[in-house]
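Here are a few exercises to work through with the structure open in your viewer. Try each task before reading its solution.

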Amino acid sequence: MLSLENVEVIYNDVILVLKGVSMQVPDGKIVSLLGANGAGKTTTLKAISGVLYTELGEVTDGRIEFEGRTIGRMDPEDIVRLGIVQVMEGRKLFEHLTVDENVKVGAYSRSDAAEIRRDIERIYQYFPALLELKGRISGYLSGGERQMVVMGRALMARPKLMLLDEPSIGLSPMLVKEIFQIIKEINLQEKTSIFLVEQNAMIALSLSEYGYVMENGRVVIDGPSDKLKENEDIKEFYLGLSELGKRKSYREVKHYKRRKRWLG
Amino acid sequence: MEKKKLLAFFGALFLTMAMAFNPTSGIGAEKYVTYLGLEDFTGPIAGITVSFNEGLRHHINYVNDQGGVDGVKIKPILLDTRYDTSRAVSAFKRYRREHKLVFILITSTGVGKALYPLTVRDKVPIQVPGVGYFQNLLGWAITYAPPYQDMFGASMDWMVDDWKKKGNPGKPVVGYMGWDNPFGRENLLGGREYAEKIGVKLLKPEYYPVGSLKHDLWLTRLKDYGAKYIFVSGTDPENSNVVRDAYALGMMKDVQLISGVWGTTMETGVAFHPEEFEGEVICSPGIRGVDARAHPLAKLWKRYTKSKPPVQFSYMLGMSLGIMFEKALKVAVQDVGYEKLNGEAVYRALQKITGEDTKGITGPIDLSPTSRRITRDVKFYRVTGGKIVPITDWRRCPDTVSLHKW
Amino acid sequence: MSTFLQFLILGLMEGGVYALVGVSIVLVYKATKTVSIAHGQLLAFGAFFFYLFFGYFGLPIIIALLLCFLAIGVMGFVIERLALRPMIGQPLFAAFLVTFAVFVVFDGVFLLILKGGILGVPKFLPRESLLVGGLRIPEGQAISFVLSMAVFGIIGLMFRYSKVGLGMRATAEDHQLAQSTGISVKKMFSVIWVVSSVVAAIAGISTAHVIDIYYSYPLLGIKGLIVALVGGLESLPGALLGGLILGILENISAGYLDPIVGGGVKEVAAYFMLLVILLVKPYGLFGLVRIERI
Amino acid sequence: MEENRHPLEVRDLYLRFGGLKALDGVSFHVKDGEILSIIGPNGAGKTCLMNCISGFYKPQQGEIVFEGKQITRMPPYKIAKLGISRTFQNIELYTGLSSLDNLMAARHIHMKRGALSACLFFGLTRREEIEHRKVVEDIIDLLELEPIRKKLVALLPYGQRKRVELGRALAAEPRLILLDEPMTGMNVEEKEDMARFVLDISELKGIPIILVEHDMEVVMDISDRVMVLDFGHKLLEGLPQDVKDNPEVIRAYLGAGEEEEE
Amino acid sequence: MRPCGVFDERYIQDIAIVRTWQHWLALIGALVILYTFPFYGSYYLISLINLLSILIIVILGLQIVMGYCGQISLGQPAFMAVGAYTSAILTATYGISFWIALPLSGLSAGIVGMISGAPSLRIKGFYLAMATLAAHFVIMWIIMHLKITGGIQGLHPPPPQIGNIVLDTEERMYYLIVTMMVISTFAARNLFRSKVGRAFVAINDNDLAAEVMGVNLYYYKLLAFFISCVYAGLGGSLWAHYYMVVHPEQFTFMHAIWYVGMVIIGGMGSIPGVFFGVLFVRLLDEIVLFSSPMLSSLFPWLGPGPGAALGLSAFGMALLLFIIFEPRGLAHRWEVIKESYRLYPFAY
C-alpha cells in the first residue's frame, strides 16, 4: 500500500536527516517504527504526509508511493485526500477551538455533509468521554483527552492509512494501554492501516505485525514483530532485557558502566 | 541550485547599480558649472518639489540649449534625499569637490540647517525654503520665496484691507492652522509679533498632524472662537483637504480661508472640486492659475514636458529659480571669468542682481547685502468659477523676520 | 456637551476607517501570524484602482467597485505568493520586514503613479453635512461608516459559521497541524490575503471620499497596526472596537488637550493610548492570552 | 523543631486554576541526600508541584520551606539563588548557546561582576570567568560532555540535550535538584546513562533530588522513596517496593495487568 | 571558530577573541588601515566612514537589545535623539565641555530607554516592538514641544575640542568617531563572553529557564535596554557634534525601521553582523541615492519624481530579495565562508 524507496531528506539544504530509507506498509496491517530520539522517525512520517516543507525540509532523493501513485512531491492536503492522515507528535490540538470544532476540522478535505455528520456521531461512540467535553475549549484538556480528540480528528478524514507519531509519550501506563487498545480497534473495525512510531518498543511490537528500527537516519533492522522481539540487540537496547532474558536494574548498570572518578 | 542562481542574479543587479554610482554624464569637456539639488521627491512635500524641480531643470536645459551663459553650461545634479539629513549631507560631501560646484538647492528645513555650516566652510551659496532663520542670519543661504512669516504678514495686511473694504469696523479676528511640524510653525516666528504690531487679534494657533484624515475639529474650534479669516499653512494636497472639510462644514460662506504659499493649486484640488474651493484666497509669491497658464514661458516649455502643460504653480516658481541663477551666473562670469568662477563669485554676484525681474514669474529680485529673499512681493489669488484668478497686483511683504527675537 | 458629542461623531466616523484597516491586518495576522505593514499600500492601491475604474474610465459605480476588488484581490494574491510564501517557517519579525520591503516597493510604484500630484475621485457620496440638533453629521461618511460595519458583520459571520472560516481559524492556530488535517494552508493564505486586501480597499475607497488620493495614504497602515494591537492581534471584534476607540480618543483628546499643550495632540494620542493599553492589558483588549504550559 | 532537619518541607499546598484543583493539600518533605520520586497519572499535578517549588506558580494556600526559609511566594530567580535548580519536561535549554555556555550561564547566580566591568573584561571579569570555568569543566567531565562542549545545543541530539540540561542544573551548585521527566523519550541505553548520572550526583555530591518520572522501572530502581499523586491528592508515600504493591496505586496508576504482560 | 590544529592549553586562551597569529595580523592590519585612512582616503569616503561608524555604534546597541536579548526595539532613533539633544543642550546652552556631555548623553538616553523598555516586563515580540515605536513617537513629540530643545528650531552644538584643537573637520572628527566605534565594538564583544551577555542570550532563548536558573528577568531586560540606549545616546551625541545641528526631522520613524532592517540583514546576535548590516543597507542607500539622477537622465520624460520613485522601488526590491534569500543575515553567510576557510585544505 505505502512504500518508501531509498528516501533521502535534507533540512535547510545542509542537514541530511534520512539517508536512504526504504519501508513498506501493507494494506490493513499495523507496522511499527522504532528508534531513539533523533533517529529520523518523525521526519519519515513528515516526508510521507508532505508537511516537511514547513520546516524547510526537502525530499531530495527516492520515491514515496501510495497505492501505486508517487506522492513524494504532493501538497499535504492532496495526500490527506488520498487517504493518509498523520497524527502529529505531542497531541497537538487547535487549542482555541472547541472540541467539536476540532473534530470537524478533521473532515475538511471531504464535502459530503451528511456522511460527515454520521461520522461525527461515530467518533463520539468511540470516545464517549468526549461527548460531554464537546463545547470545551480544547486547550484546557488533559493529556488523555487530548489524545482522544487527536485520534478522533484523524478518523474524520476516513483515512486508509494513519500515521501515528508517539501516541504514548508522556502518558501514564494505564492510559497508554487504553490508547493502544483503541488503535487496535480502529485497525480491526475500520480496516485502516496504521504506521506507528513509538519509543515504547515493548507495546509497539506486541501490537504490530511488522517492525522497523531506525538509527541515525537509516533502517538498521526490520522484520516481523515476533522475530524482532527475540532479537538480542533489540532486547538489550529497547526492551531493557539482559542476555538471560531478565530485566537489569538501573542501579546495577551504574556499576559496570562507571568510569574512573577522581573527583568527589 | 535555484537559490544560487537567484543570488547571482541579485549580485548582478547590485553590480549594475554600483556602476550607476557615477551619474556624471551628458556634458563633455566644455565649460560648465555644477548645480546641486538635494531635494525630496518622495516625501510629504513631493507634491511641490517634483514640479518645482521640473521647472528648474527645464530652464537649465533651455539655457544649455541656447549655448549656456556666456558659453558656460550648467550641469544639474538633482538628487532625492528622501527627507533624510544624513543622506543629504553624504551627498553634499560626495559632490563638494565636483567640478565648480557653485550652487546648492535644498527643499527641507532640517537638511538646510544641517548643511549650512558645511556649505559656509566650503563657500558655496545655498538656497533654502523661506525660513526666517536664514534671512536673519544674512549668511550664505538665500530663501526661494519671501520668508514664510513675511508672507503671513502680507496676508494679514490683505485681511485688514479686505475687512475694511467690506465696511467692518476695527480689525479682524484671525485664526491660524498649520502642520504640526517645523514648517507649520514657522509662520508664527515673527508673524505673531507682526499681528500684535498691526493690532490684529491672532487666535491660538491650531496644529494638525501631517496626513490627517479630517480637519473638522480644528476648523470648528477656530470658528467657535470667532475667526473671520483662517490662514492655512501646509503643503498641498493637505491644504486642499482642509478647504474641502471647511466646505463640508458649510464654513466657506462666513469665514474667509487663506492658503499659504504651497497651498491650493489647480492640480491639487481646484480642477477636481471647483465648487468646494470657490472663494478661497491664496497668498502666492509667484504667478499661478490663469496667470501661469497665460505666461509665455509656460508655452515655451511645453516641449520638455511632453505630457501636459506646465500649469503647476511650483513649476513656474522652480523656473524663476533657474532664471535667478542664470542672472547671477552671468554677473559672476562677467566679474571673474570662467577660470576663477566658484561658489564665492556666485555668492557675490547674487547680491548684485537686486531689482531685476524673473520674466514676470515673481516680483523683482530682492537679493542684496541686507536681504536673502529672492523676492519680497506676493500676489493674492482667489478661486472663482473653478479658476485661480488674481485679485491684487504684486504687494510688498512687511519685514516680520526682524520683529522676531531669534 | 454638544461639542463633546460633535467630537464623538467625528471620531466615530474616522474610527470606522481605522477599524477597517485594523480588521484587514488582523485577518492576515490570525491566519498567517504575519504582522503586515503593507496594508497601507493595499489601502492606497484600493483607492487608486477605484479612481482608475470610476474616475478615469468613468464606469458605473457598481462595476467600478467590482473591478477594483478584483484588481486589489489580485494584488494581495501576488504579494502573498511572491513575497510572503517564501517566509513560511522564518522568524516572525523577518516576515514583518518583508511586508515592510513590500511597502517600500509599492511606495515607489504609488509615487510613480502620482507623479507628485494627487488623484481626485469624482463625487460618489454626498459631501455636505447634515445638521441634526446642532450637531454636524457628514453624510457621505455616515453612509460609508454603515457600509463598513456591514462589511465587518459579513466577515464575522463568515469566520464563525462557514467551512472556510473554520479552516481559517484552524490555520491560524497551527500551520503544520492544519496541513496534516487536510487544510491547504497555502490556499488558505491566498484566500485570506485576498479577503484582507478587499477589506483594506474598502477602507481606501471610503478614505478617497474624504480626501483625495495622495502620498500619505499608505501611512494609514500604521494607524491600522495600532488599532490591531489595541484590540488584540487575534481579535476581529477587538479591531473594530480598537478602531472606534482610536478615532474617538484622537478627536476628543485633541479637542480638549490641544489648547492646553499647544497643539499636535491628535497624532501622539494614538501612541499614548497604545502604551497605556499595552501596559494594562499586554495582549490588547481582546487578545488571546497564550495558554502556556511548562 | 523537627521539620528543620529536612532541606525541603512542603505543607498543605493548594493550587487552583479557575475551577480546576491542581493540587489539593499536598504535604511532604525531602530528606538529606535522598532521591524522592513523584509518580502519578497524567494531570495528577506532578509538574504543578514542581512549578510551585521553583516559583512559577503561586499556590493559594500552604507553604514551602527550603532550609528553614519560606519560599512560597518568592520569584523564581530568588529561589534559584537559594539553591534549587531544575530540569524541564520539554527541554528548555538556551538554544543559541554552546553546551559550555549553557553551563556557564548557570553559574550566573555565583558570579559577581557587573556589566561595566564585563565591557572592559580584562582583569576582574576574566579572572572570574576562569574560576567558574574550572567548576564547569568538572561537571562536563562528570557528565561526559567533553566532545560536545563547543557545539550549539540546538544541533545536539535529544539525549545529549537532556544531559546538557542536567549539567546546567548541576552547574548552579544547587542544594536541591528537581528533575522533571528526565528520561522521557529515551531508549534503554540512554536511560541507563541518565540513571547512572543521577545516582552519581546523588552519591558524589549528596544533593537531594526530586524526580518526576513515568518510567516505573527507573523509578523503582533508583529512588529511595516514592510519592504517588492522584488528582492533586497525595495517595501514598513510601519505599519503592511498598508503593509498587499497593493496590490503590495499581488501580489508579499502574493499571491491572501490568505484570501479566511482562 | 578556529582553524584546524590550534589547541588551547589554558582557559585564558580558550576564551580569548583573538587566538592565532593570523588573527592578530588581520586585526592589527585592519586597525592600521582604519587609522591611516584619512591620509589617503577621499573626503567623501572619510565622511562616509564617519557616518557608518556612528551608525555602527547605534546598531551595536540595537543588536544588544534585539539580537542578544531578543527584545525588539523600534525606538532607537528616539533614544539617539535623546542623546543628541542632551549633548547639544549641555554644550550649546550651558557651555559644558563635550567630554562631560558625551557620557552624560549616554546616561540620559540610557535612562529614557530603560523607562521606555519597561513594557518589556509584560509583553513580548511584536507587541513590544509597537510599544517601543509608540515610545519613539511620544519622545519625539515631547522633544518638539519643549522649549529647552529649541522646539522646531533645533540646536546648534559646537564641535568638540581637545586642548586647542577644535575637531571641526572631517578628518579630526574621524579619529574621535572611529575610536569610539572601536571601543564600543570591543565593549560589546566583551559583554558577550561574560555573565551579563550570557544572561541576555538566556532570556532571548528561553526566558522561563533563565528565570529558574537565577536570572532576574526584570533586571536584565531593563539592563539590556539601558546598555542599548547608552550606545544610542553616545551615537546620538557624536551625531549631534558631527553635524553640528540637532533637529526633530533627523530622527524619524522610517529610521527606526531601517535600523531594525540593518540588524536583520546583518544577522541577529552577531557583532560582525552589525558591520555587515550597516554597510550593506547604507551603501545600497547611497547607490540608490546617486543612481536616481541617472534614471532621470536615461528616461527624461519620467521627470525627477518617478526617477526617485523607481530608486525607492529598487531599494525595496533589494531588501525583499535579501530577506527572502538570506533570512539569517549576512553574518550567517560569513560563518559559512569562515567554515570553509577553517577546513581548508583538509577537513578533520
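**Exercise 1. A helix pair in chain B**

Find the residues through which α6(B) and α8(B) meet, and sort them by class.

*Solution.* Keep in mind that this is a predicted model. Start with α6(B), which brings B:Gln149, B:Phe152, B:Gly153, B:Met156, B:Asp157 and B:Val160 to the contact. On the other side, α8(B) offers B:Leu188, B:Leu189, B:Gly190, B:Gly191, B:Tyr194, B:Ala195 and B:Ile198. Sorted by class, the contact has 8 nonpolar, 4 polar and 1 charged residues.

Next, work out how helix α6 (residues 148–165) and helix α8 (residues 188–198) of chain B are oriented. Their axes lie 8 Å apart and make an angle of about 30°. Angles under 35 degrees count as roughly parallel, so α6(B) and α8(B) are roughly parallel to each other. The crossing of α6(B) past α8(B) is right-handed.

**Exercise 2. The sheet in chain D**

Trace the order of the strands in the open sheet of chain D, then look for its edges.

*Solution.* The sheet has 6 strands, in the order β6-β7-β8-β3-β9-β10, with mixed pairing. At the edges stand β6 (84–86) and β10 (233–238) of chain D; each has a single partner strand, so one side of each lacks a neighbour in the sheet. On average, neighbouring strands are turned by 20° against each other, direction ignored.

Now zoom in on one pair. Strands β7 (residues 176–180) and β8 (residues 209–212) of chain D run parallel and are joined by 4 bridges. In one of these, D:Asp180 has D:Val212 of β8(D) as its bridge partner.

Finally, add the helices. Helix α1 (residues 46–54) of chain D packs on the sheet, touching β3, β6, β7, β8 and β9, and its direction makes about 150° with that of β7(D). Helix α6 (residues 158–171) of chain D lies across β6 and β7, at about 160° to β7(D).

**Exercise 3. A salt bridge in chain A**

Which parts of chain A does the pair A:Glu115 and A:Arg158 tie together?

*Solution.* Over all chains, the structure holds 58 salt bridges. One of them joins A:Glu115 to A:Arg158, with the closest N and O atoms 2.6 Å apart. A:Glu115 sits in helix α4 (residues 113–126), while A:Arg158 belongs to the loop between α6 and β7 of chain A, so the pair links parts 43 residues apart in sequence.

**Exercise 4. Chain contacts**

Which two chains share the most contacts?

*Solution.* Of the 9 pairs of chains that touch, B and E have the most contacts. Chains B and D, by contrast, have no contact, and their closest C-alpha atoms are 24 Å apart.

How values were computed
Residues numbered from 1 in each chain as written. Chains lettered and ligands numbered in written order. Predicted model: local features only at pLDDT ≥ 70, side-chain atom pairs only at ≥ 80, totals over all residues. Heavy atoms only, no water. Axes fitted to C-alpha atoms, helices over the stretch in contact; angles between N-to-C directions. Helix = DSSP H or I, 4+ residues; strand = E, 2+ residues; numbered from the N terminus. Parallel < 35°, antiparallel > 145°, perpendicular 65-115°, else oblique. Left-handed = near helix turned anticlockwise from the far one by under 90°. Contact = heavy atoms within 4.5 Å. Nonpolar A, V, L, I, M, F, W, Y, C, P; charged D, E, K, R; others polar. Pairing = 2+ DSSP bridges. Salt bridge = Lys/Arg side-chain N within 4 Å of Asp/Glu carboxyl O.
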